Amino acid sequence: MGNSFSIDSETGELSCKSLDRETVSSFNLTIRASDHGSPERTTMCRVYIKVLDKNDNYPQFSALEYAHTIKENEAIGSFVLQVSASDIDEGENARITYSLGNDTDGLFQVDSQSGNITTNG
């Protein structure tokens, strides 16, 4: 069963090593059962295994650093730039929200959903 799964030939218990959904998200296994008669009789079944996501990855920004210039008299609510991040996890574990990580004296705000940074004061 490859390197990920093993089966106990006496009990039929299926076990596996540590799985990583981001590497392989599902497995299709074929299990064979044999008797010890003469002649030997066998049957097979298929087992489908879906690996569920665990929140084991950090979000990553598309750039390590962003830079932009604005005029000193820029109107409140003016668009400055958009930051973007993604997460290779799945579902809620991959949902990104943005927030300011430092105090900007209220001069800037970031939209929690879009990553748009605008002037605020």
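**Exercise 1. The surroundings of a strand residue**

Which residues does threonine 118 touch, not counting residues up to four places away in sequence? Work out also where threonine 118 is found and whether it is buried or exposed.

*Solution.* The structure is a predicted model, and the solutions below should be read with that in mind. Begin with the placement: threonine 118 is found in strand β9, which comprises residues 116–119. Next, list the contacts: once residues up to four places away in sequence are set aside, threonine 118 touches Gly77, Ser78, Phe79 and Val80, as well as Leu107, Phe108 and Gln109. Finally, turn to the accessibility: threonine 118 has a relative accessibility of 15%, and because buried means under 20%, it counts as buried.

**Exercise 2. The sheet around β9**

Determine in what order the three strands of the open sheet stand, and which of them stand at the edges.

*Solution.* First, take the pairings one at a time. Strand β8 pairs with β9 in the antiparallel sense over three bridges, and β6 and β9 pair in the antiparallel sense, again over three bridges. The order is therefore β6-β9-β8, in an open sheet with antiparallel pairing. In this arrangement β6 (79–82) and β8 stand at the edges with a single partner strand each, so that one side of each is left without a neighbour in the sheet. Neighbouring strands of this sheet are turned against each other by 20° on average, with direction ignored.

Second, identify residues that face one another across the strands. On the β8 side, valine 110 stands opposite isoleucine 117 in β9, while phenylalanine 108 stands opposite threonine 119 in β9. On the β6 side, leucine 81 has isoleucine 117 in β9 as its bridge partner. Isoleucine 117 thus has a counterpart in valine 110 and another in leucine 81.

Third, inspect the connection between β8 and β9, a hairpin with five residues between the strands, in which glycine 115 takes a positive phi near 80°.

**Exercise 3. An aromatic cluster**

Which residues form the aromatic cluster that includes Phe61, and how are the ring pairs of phenylalanine 61 to be classified?

*Solution.* The count of aromatic pairs comes to three. The rings of phenylalanine 61 and tyrosine 66 have centres 6.3 Å apart and planes at 80°, so this pair is edge-to-face. Phenylalanine 61 and tyrosine 98 also form an aromatic pair, with 6.4 Å from centre to centre and 45° between the planes, and this pair is tilted. That second pair links distant parts of the chain, since phenylalanine 61 lies in strand β5 (residues 60–61) and tyrosine 98 in the loop between β7 (85–86) and β8 (108–110), 37 residues apart. Together, Phe61, Tyr66 and Tyr98 form one aromatic cluster.

The accessibilities complete the description. Phenylalanine 61 counts as partly exposed at 48% relative accessibility, and tyrosine 66 is likewise partly exposed, with a relative accessible area of 29%, whereas tyrosine 98 is buried, with a relative accessible area of 11%.

**Exercise 4. A loop residue and its contacts**

Establish where serine 62 is placed and with which residues it is in contact, leaving aside its neighbours within four places in sequence.

*Solution.* Serine 62 has its place in the loop between β5 and β6, and it is exposed, with a relative accessible area of 60%. Apart from neighbours within four places in sequence, serine 62 is in contact with Ser84 and Ala85. The C-alpha atoms of serine 62 and serine 84 are separated by 5.8 Å, although these residues lie 22 residues apart along the chain.

**Exercise 5. The chain as a whole**

How many helices and strands are there in the chain, and what radius of gyration does the chain have, set against that of a compact globule of 121 residues?

*Solution.* The chain has zero helices and nine strands. For overall dimensions, a compact globule of 121 residues would have a radius of gyration near 14 Å, but the chain has 26 Å, and its C-alpha trace spans about 90 × 20 × 20 Å along the principal axes. Buried residues make up 19% of the 121 residues. The accessible surface comes to about 9700 Å², of which 47% belongs to carbon and sulfur atoms. Among contacts between residues at least 6 apart in sequence, 44% join residues at least 24 apart.

Note on methods. Residues numbered from 1 in each chain as written. Predicted model: local features only at pLDDT ≥ 70, side-chain atom pairs only at ≥ 80, totals over all residues. Heavy atoms only, no water. Phe/Tyr/Trp six-rings, centres within 6.5 Å; stacked < 30°, edge-to-face > 60°. Buried < 20%, exposed > 50% of the residue type's maximum accessible area, 1.4 Å probe, protein only. Helix = DSSP H or I, 4+ residues; strand = E, 2+ residues; numbered from the N terminus. Pairing = 2+ DSSP bridges. Axes fitted to C-alpha atoms, helices over the stretch in contact; angles between N-to-C directions. Rg over C-alpha atoms; globule rule 2.2 N^0.38 Å. Contact = heavy atoms within 4.5 Å. Areas by Shrake-Rupley, 256 points an atom, 1.4 Å probe, with all protein chains shown as cover.
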